[in-house]
Amino acid sequence: MSENAMQLIRLLEFADSAFPVGTFSFSNGLETAAEEGLVHDAATLEAYTRDIVRQAAFTDGIAALHARRSYLARDRAGIAEADGAAIRCKLNAEARLMTCRMGKKMAELAVHIFPDAEIEAWLADIAAGRTPGTYPAAQGIVFAACGLSERALFAAQQYGAANMVASAALRCVRVSHYDTQRILFRLGDEADALYETVRAMELDEMNAFVPQVDILASLHEKGLKRMFMN
């Protein structure tokens, strides 16, 4: 029971929106989607959030699982491979900024919370430009270092992607806390099925064809009214 409680506390800490990696600075393209009228109520917000979550599952979710497995195998090359695959799936500049900024911050926080030579070595590789330092790779190695399971890692990745959009929606879409929590609850029902699909996928099976999000990101980069970095 004590080990299970410890792991649950670790999961709650790393999946908490208050964990200071900068998620509040990003909206996953929602700000522009709202400005363009594509997302304007609870129904359109749920559809948009579901698209973001599914895209994250088949890109960041796969990369995170492979980074975790590589950490446990003491395979630094495997971590770098997962890290590189994750950044190659980010086709717009804002997505690359988001994942690298959050990934480096998570690794920096981890080495301040607990000692880990592998995470310190990964940070050194980021500083030297040998690896991009993406958020899913950071999640994978930090969760592995803390003894958290693959399913817990995938759940945190999915919740983080959904909650980033839901939290941003409260500032730029006409929805309430009740709406966003209902959306998060319903998306949670779909996480196990996604995990069962993603867990067996290889890095070269990652797919990120979401042209609408990339178009929204390109518009946001040139926008004059911005609350979020993306």
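**Exercise 1.** Which helix gives the most to the lining of the largest pocket, and with how many residues?

*Solution.* Begin with the space itself, which in this predicted model amounts to about 630 Å³ for the largest pocket. Next, turn to the residues around that space: 45 of them line the largest pocket, and those closest to its centre are Asn28, Met98, Gly160, Ala161 and Met164. The elements that give two or more residues to this lining are helix 1 (2-15), helix 3 (42-72), helix 5 (93-113), helix 7 (135-145), helix 8 (150-172) and helix 11 (211-221). Within this list, helix 8 gives the most, with 10 residues.

**Exercise 2.** Determine how the lining of the largest pocket divides into nonpolar, polar and charged residues.

*Solution.* Sorting the lining residues of the largest pocket by class yields 25 that are nonpolar, 14 that are polar and 6 that are charged. For this step Gly counts as polar, whereas Ala and Met count as nonpolar.

**Exercise 3.** Describe the second largest pocket by its volume, its lining residues and the element with the largest share of that lining.

*Solution.* The volume of the second largest pocket is about 410 Å³. Its lining is made up of 23 residues, and nearest the centre lie Ala155, Ala156, Gln158, Tyr159 and Gly188. Two or more residues come from each of helix 1, helix 3, helix 8, helix 9 (177-188) and helix 10 (191-198). Helix 8 supplies the largest share, 7 residues. As a last step, the lining of the second largest pocket is divided by class, which gives 16 nonpolar, 2 polar and 5 charged residues.

**Exercise 4.** Locate Asn28, state its phi, and decide whether Asn28 is buried or exposed.

*Solution.* Asn28 sits in the loop that runs between helix 1 and helix 2 (30-35). Most residues other than glycine have a negative phi. Asn28, although not a glycine, has a positive phi of about 55°. The relative accessibility of Asn28 is 13%, so the residue counts as buried, the cut-off for that class being under 20%. Asn28 is also among the residues closest to the centre of the largest pocket.

**Exercise 5.** Carry out the corresponding steps for Arg74: where is Arg74 found, what is its phi, and is Arg74 buried or exposed?

*Solution.* Arg74 belongs to the loop between helix 3 and helix 4 (76-88). Its phi is positive, at about 55°, although Arg74 is not a glycine. With a relative accessible area of 52%, Arg74 is exposed, because that class requires a value over 50%.

Methods
Residues numbered from 1 in each chain as written. Predicted model: local features only at pLDDT ≥ 70, side-chain atom pairs only at ≥ 80, totals over all residues. Heavy atoms only, no water. 1 Å grid on protein atoms, 1.4 Å probe; cavity = no way out; pocket = protein on both sides within 12 Å on 5 of 7 lines; lining within 4 Å. Points joined across faces, edges and corners; volume = space filled by probe spheres on them. Helix = DSSP H or I, 4+ residues; strand = E, 2+ residues; numbered from the N terminus. Buried < 20%, exposed > 50% of the residue type's maximum accessible area, 1.4 Å probe, protein only.
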